[in-house]
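Here's a quick briefing to read with the model open beside you. Have a look at the fold before going on.

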Amino acid sequence: MAFIDSIKEKAKSNKKTIVLPESMDQRTYEAAVKCTKEGIANIIILGTPEDIQNHGTGYDLTGITILDPFTDPNRQKYIDKFVELRAKKGVTPEIAEQQMTKDYMYYACLMCRCGDADGVVSGACHSTGNTIRPALQLLKTKPGVKSVSGFFIVEVPNCPYGENGTFLFADCAVNTDFDSEKLAEIAGLSADSFRAYIGAEPKVAMLSFSTKGSAKHDNVTMVAEAAKIAKEKYPQVKIDGELQFDAAIVPEVAKLKAPVSEVAGHANTLIFPSLEAGNIGYKIAQRLAHANAYGPVLQGLSMPVNDLSRGCFADDIVGVVAMTAVEAMMNS
Ligand code: ACO
């Protein structure tokens, strides 16, 4: 069964409530209808009657909850929660009210924070930064996690490498600054995500332009140190680095470049040394190898919030809703 079909089946087994705040985009309605018909999640769309009339006319919205942030009876509860969480950052009731009705992403995160929803999917018409900032501010990280990061599940057709052609790529979406500690944490979180979503043992490669000291540079040292920290912090996980991409996934190259590594040649979880590398890497796989790339899925947040590409199709939104619902299931 294809990765996304198995995720949809899991989501259907215990329906979660997912909020879609982008009522200004038709793809939201198309996806909401599909999720509802397929039984993937209970869907809440945030929007005023005007939003719905302008963008959702013609869709059969039976079974979908439409919530108007201006008249919702829970509105005051969310204002209070917003102030409670952000008063130290200068948020007053007036600012809270204005921000959460101007940007429904804040409203959606507050619904999660108050236990009225299990997750949020947004980003079809907002940048990644604007999509995840409210989640970072209001939902925060899971206990013990310092940084949220974003991964893609990449399914490469007719590929003998990784887990039968399936890989996890991280961080492709969030962190613009890296150090060894952060990279090591991303490796640990990604190993957990791989196990949870793919159901197989993660083999984590910390990627670089050098394999085991073949090149000398501060960037190489940063990755090698990250691998050392990760191995100490997550002794039960197979992690190695620094490794070049080919040494990480191709057994013949691994035999030459890293013959004693238990990860090299068999890696299925790829940790990139920078956001540039991760983001460009998954797009190369998608465009040149015709890979399916599901994500970015955020890892390390206290509740599931996931981003979309602005070029996404309604079916992509359905896929991310299913992944978000499964994440919510794992958290509960
Ligand atoms: N993990 C946890 N918390 C974080 C993280 C993180 N990685 N980054 C920021 N935060 C927290 C901060 O601590 C801060 O909390 P506070 O307000 O309670 O003090 C809050 O988030 C805002 O932090 P800022 O530093 O002010 O955040 P900024 O406005 O710079 O935004 C963001 C953070 C949105 C993650 C930014 O780093 C960003 O834009 N990253 C790149 C996103 C991107 O463009 N990705 C590529 C495209 S995605 C794609 O192609 C699929």
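What follows covers the two domains, the contact between them, and a couple of local spots.

This is a predicted model, so local features need pLDDT of at least 70 and side-chain atom pairs count only at pLDDT 80 or more, while totals for chains, interfaces and linings use all residues. Numbering runs from 1 along each chain as its sequence is written, and side-chain values use heavy atoms, with hydrogens and water left out.

**Domain layout**
- The protein chain splits into domain 1 (3-140 + 301-331) and domain 2 (149-288), with bounds that come from an automatic or database domain assignment.
- Their C-alpha centres sit 31 Å apart.
- Domain 1 puts 9 residues into the contact and domain 2 puts in 7, contact meaning heavy atoms within 4.5 Å.

**The interface**
- About 690 Å² is buried between domain 1 and domain 2, 69% of it on carbon and sulfur atoms; buried area here is the accessible area (1.4 Å probe) that two parts lose on being put together, summed over both.
- On the domain 1 side, F3, M323 and M330 lose the most area to domain 2, together 60% of what that side buries.
- The rule finds 0 salt bridges across this interface, taking a salt bridge as a side-chain nitrogen of Lys or Arg within 4 Å of a carboxyl oxygen of Asp or Glu.
- There are 3 residue pairs in polar contact between the domains, both residues at pLDDT 80 or more. A polar contact is a pair of N or O atoms within 3.5 Å; within protein, one must be able to donate a hydrogen and the other to accept it, and residues adjacent in sequence count only if both atoms are side-chain atoms.

**Who supplies the domain 1 side**
- Helices α1 (3-12), α7 (128-138) and α13 (314-331) each give at least two residues to the side that touches domain 2; helices are DSSP runs (H or I, at least four residues), numbered from the N terminus.
- The largest share, 4 residues, comes from α13.

**T131 and helix α6**
- T131 belongs to helix α7 and is buried, at 1% relative accessible area, where buried means under 20% (1.4 Å probe, protein chains only).
- Beyond its neighbours within four places in sequence, T131 is in contact with M105, S122, G123, H126 and D307.
- M105 is also one of the buried residues of α6.
- Helix α6 (residues 104-113) is mostly covered, with 9 of its 10 residues buried.
- Just after α6, G115 takes a positive phi of about 80°.

Methods. Buried means under 20% relative accessible area, exposed over 50%, partly exposed in between (1.4 Å probe, protein chains only).
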